[in-house]
Each structure stands twice: as structure tokens, then as C-alpha cells.
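Me: I'm new to reading protein structures, and I'd like to learn how to do it feature by feature. Could you walk me through this one?

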Amino acid sequence: MVNPVVPSNGVLTPLGLDAVRLSPGFWGDLRELNQEVIIGHCLDWMEKLGWIGNFRGEPARGREFADSEVYKLLEGMAWARDPRFDELAETVVAAQEPDGYLNTRWSGDRYRDFEWGHELYCYGHMIQAGVARWRTSGEHAFTDTVRRVADHVCQRFMDSAEVCGHPEIEMALVELYRVTGAERYLEMARRFVERRGGPALAEVEFGRAYFQDDMSVREAEVFRGHAVRAMYLACGTVDVAVETGDTELLAAVEAQWERTIARRTHLTGGMGSRHSGESFGDDFELPPDRAYSETCAAVGSVMLSHRLLLATGRRRYAEQAERTLYNVVAASPASDGRSFFYTNPLQVRVPGQAAEGVNPRAEGALRAPWFAVSCCPNNLARTFASLPAYVATGTSEGIQIHHPTPSEISHDGLELRVETGYPWEGGVAVHVVSAPAEPRRISVGEHADLRVWAPGDVFAVDLDVRPRWVRPDPRVDAVRGCVAVERGPLVYCAESPEGGPSLELVHVDAEVPPQEDVVDGVVELDVQAATLGEAEELTLRLVPYHRWGNRGPATMRVWMPGM
Ligand SMILES: [Zn+2]
């Protein structure tokens, strides 16, 4: 199965990149952009900055976790079957030490700093890249290197009390277990998950919640601390729970997820309210202008929702993944694929300044080509490359389409061709190309039909993509009294380029339905508005949030005060 996540049990079976092929459309185009531009962009930058040279023994450059960036790109290349994989993988393979250890920063001074050293975190990304290579094209010198790393980890850490400050290796080891059947990898992952909160790490300036070491994963009631770490740990915890049949552990993560989505997640699906510690805030602490909402946290959230969907079959996990994919993951890259948002705030008060070269800061009101900590572009590269894995699932009953997009999907004798203009249009036509003689269920979101299908049959559904006003939970003080507009899975925002109307004093009439206007295939919306203190009404143009910032420096807001 060519999929990043292949649980050995669960309500839904993932469909791999061999079973789902994306055609031109919203996600197909993004995957194409990734293969044509983003992967090469990341490769060029990491070569230029010496992060790849680190593996050749050149003087150390970049941050202590720079190895992980190379691994994330390798994973993306593997899912994309990019021919540049081999050369880059060879460079990594050559850097491995005889006992399996591999890290370009700490070699000779290994395992001294579990709070900040990131060695196990880097291995996690390396193992995921190895799994991707294994599942797309079989074994390789790189997969041998990955196994030696994993065996080294088991030998060194099975009976220790240590964990990595940055979770990631947990889910990677479970996936390596799924590929190889070697139970020590699962057991190692289980121990890393259960050790956390002992505590297993030293106190740091942000407190132990920063790396989820303040309490055990079983005791926690909500996600907290560094948002990316929290998401990655939860992914690994779900994986361990599923493989060991630990329903109590799975239920603990589900409960944490529920509260986090209801109280600590932005309308866009973005996670992380505090720049300090890149962390979740308290319940209902969701300031739109100070939203951190890191692209990587969104990637982690999609990975987690997908795991929970596979385990439970509950549609709300697919819906959250959809919200996050369309409104954070798709928002990060510029339309040309050559610059990226690291943080994804829901309001920008001051237009950004054009960024050339490496952006030293994570925050910025404009996309940047690269960052000093450049986790996000590489995370996008692997996510876009593996997008087909999220589109649909299978059961013995049929196929469930979670993200309607032009595609070809096959599972268990049922072959489908999906035609749709979604998310711009709500119509989805699922053409049956071939089908077994027994009844099969085809579902698109909540719509389902179970019958004996024949080639030529069409299962047509109309998803509601009428624009709608939405109101925040009144406990979110920062946006109380405000409204926003959604249309289908898309969140909209007002964007004002320099010289445009001020968004500071604008307020909108939520009694009047937004009017649609299609511009270059994109649905934009006009709403009735006025400026505080001025009698004259005005028409305010809203654009899909994921497209904002593509027309130069601008102010922007998702939440707008109502009249
Ligand atoms: Zn990131």
C-alpha cells in the first residue's frame, strides 16, 4: 500500500497513491506545482545554505535540526517518485556511522541534550522518508540505512528513560513496524509515548508542557504546549493505540482532540495562539492578529485527523482535515510555489515588506522564499506529494470519498472517476468505470448510495457551497461581536492592498447574503459594509483566505465586526 499511514486495523482502510490518482483540479494542480516547483525550490535552498553539505562533512551550517529538513524533502521526493531522490539519499547514506548513528550536528557528542538536541526527531523524519521509499519503489540502500538507524535506537533507548524533546520518532517507528513487521519498533514507539510526562525531560524556559512532558498522554485532557510537537505526539499515540489495541489510549486522544477543536483551534483549522513557545493558548484564547497557526501544526493536524478517521470512521475527522487543508496548508505557498507562509494569522494590520532570501523570523505578513528555521516548506513538499492518500478510503462495502476532487479511484473491484469543480462548485459526479456484481457503497461526505453498480452509472451529489455567515464562540473575547464568511470548505477574508480601503474601522451587514463574483475561476464575494463614523455604505470584496497575499503587501482580516 503506497500510503504514509497503513494501520493493521481500523474502521476504514486507507487507499494509496496507487489507488487514487489526482487529475487537474484544486488538489491535482497543487500536487503538480509541488513536483514542478516546490521540491526543486527546497532542494536548491538547502544545497545553497549548506544543509545538504552537512552530510558531506562540510563545516556545519544551519540549525541543530537541519538534517530533518533534508529528510522531509526526501520523503516528498519518494512520494513524488522524483528521480533526484537517489542522489540525495546517497549523500545521507554515506554519513552513517558504523553503529548506525547518523546526525551531522552531534556526531562525537551524541545524546547530550534531549530537550533541544533533536536527534531522535531527525531520525523520525528519516524513517518516514525510508517508509515512503519502501512503499513507492521497494528496498534501497537508503531503507537499509533507515533500518540500521532504527535498530540503533532500539538498542540504545529500549531500556533507558529518555525521550526526545520533539516528538516525531514515535509515529515513524510504528510505520516502520507496519512495513517490516519487526515488533521491536512498535515496542520502542510505545515506550517513548508512555515515558512522556514521567517527567522524562528537564524543565525549560517554556515549562514542561512545551514538549508535552508535564503529564502522561493518558492524563491529558487537551493539547497544549508547542503545537507541532503536540500534533506529532498525538499521531504517534494514535498509531501505538491502534496497533496495540489500546482503546483507552485512543479514547484519550479523541477527547483531547474534541476539546482542542472546540476551544483552541482557529476558524481556518489553524492551531497555536501564542508566538511564545509556538504554542496553544488557553481555552478560547484565539486572537486573530496574534494567531501563530504554523503551517507545520496544520500539517500535523491533518495527519492526526486522518489517523483518527481511519481508526474510527467518524466523518468529523475528515471535515476537520478538509478545513485545515483548504485554509492553512493550501494558504502557505504562493501561487507560484516559490514563497511560503510560516505563520498564518487571521488578521494582518500592517502590510508586509517584500522578503528576499532567508527570513530570520517565523512571522511575517508576506510569504518568504525560505526561513532560518525552514520546517514549513519541506513539510508542504511531503504533504502535497502524498495528497492522494487523504482523498478516499475503502471498506469491504465500497469507497468513501472524503475530499471530492477530480481523480480516479479504485478499490476492491470498484473503479471510479470523480468529476467536480469543488470547492468552487458543489456538484460532484462520481462515474462508475467498473464494478463487481455485488452491491457496493459509494459515499461523498454524508451522501451515500449502496447498490449493484454498472459501468456508466453516475452517483451525483450536490454539496452546499452557498456562502454563509458564521459567528465565533462568544467566549473567544478577541472576536466577540464579529462575523466571518465561509463558502463550502473555504474561509474568506477581506484583503486590502496598499492604497486600498482601510479595514480597521470596517463593519459588515450580516443580514445581507454575500454576492458571488467569479474572477479567473475563483469565487470572490461582495458583502455590504460601512466604515465606522461614516454614513455611506460600501461594498467589501472578500477573497478565499488561502489566496490572500498573492497580490503584494496588504492588510487582511477574516473576522469583521458586525453592524
Ligand atoms: Zn513549520
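Reply: Happily! Let's start with strand pairing: pick a residue and look for its partner across the way. In this predicted model, Gly398 has Arg441 in strand 11 as its bridge partner.

Me: In which sense do strand 7 and strand 11 pair, and over how many bridges?

Reply: Strand 7 pairs with strand 11 (residues 440-444) in the parallel sense, and four bridges connect them.

Me: How does strand 6 run relative to strand 7, parallel or antiparallel?

Reply: Antiparallel: strand 6 (residues 392-395) and strand 7 (residues 398-401) are joined by four bridges. For one residue facing another, look at Gly394, which stands opposite Ile399 in strand 7. The two strands make a hairpin, with two residues between them. As you look along a strand, keep one general idea in mind: in a regular strand, side chains alternate between the two faces of the sheet.

Me: Now helices. What span does helix 1 reach, and what is expected?

Reply: Helix 1 (residues 26-48) has 23 residues and reaches 31 Å from its first C-alpha to its last, close to the expected 33 Å. Follow its axis, too: helix 1 has a kink of about 45 degrees, centred on Asn34. After helix 1 comes Gly50, with a positive phi near 85 degrees.

Me: How do I read which way the residues of a helix point?

Reply: An α-helix has 3.6 residues a turn, so residues three or four places apart point the same way. Try that on helix 7 (residues 183-195), where 13 residues reach 18 Å, close to the 18 Å expected. Its buried residues include Tyr185, Met188, Ala189 and Phe192.

Me: Which helices do the buried residues of helix 7 pack against?

Reply: They pack against helix 4 (119-137), helix 5 (141-157), helix 6 (169-180) and helix 8 (227-244). Just after helix 7, Gly197 has a positive phi of about 90 degrees.

Me: Last topic, the metal. Which residues coordinate the zinc ion?

Reply: To read a metal site, find the donor atoms and then check the angles among them. Glu294 (OE), Cys296 (SG), Cys375 (SG) and Cys376 (SG) coordinate the zinc ion at 2.1 to 2.3 Å. The angles among the four donor atoms are 96 to 117 degrees, and the site is tetrahedral. Along the chain, the donors follow the spacing E-x1-C-x78-C-C. Distant parts of the chain are linked here: Cys296 lies in helix 10 (residues 295-312) and Cys375 in helix 12 (residues 375-385), 79 residues apart.

Me: Are Cys296 and Cys375 buried or exposed?

Reply: Both Cys296 and Cys375 are buried.

Terms used
Residues numbered from 1 in each chain as written. Predicted model: local features only at pLDDT ≥ 70, side-chain atom pairs only at ≥ 80, totals over all residues. Heavy atoms only, no water. Pairing = 2+ DSSP bridges. Expected span 1.5 Å × (residues − 1). Bend = angle between axes of the 7 residues up to and from the residue. Buried < 20%, exposed > 50% of the residue type's maximum accessible area, 1.4 Å probe, protein only. Contact = heavy atoms within 4.5 Å. Donors = N, O, S within 2.8 Å, 3.2 Å for Na, K, Ca; no water. Tetrahedral: all angles 85-135°; square planar, octahedral: opposite > 155°, others 65-115°.
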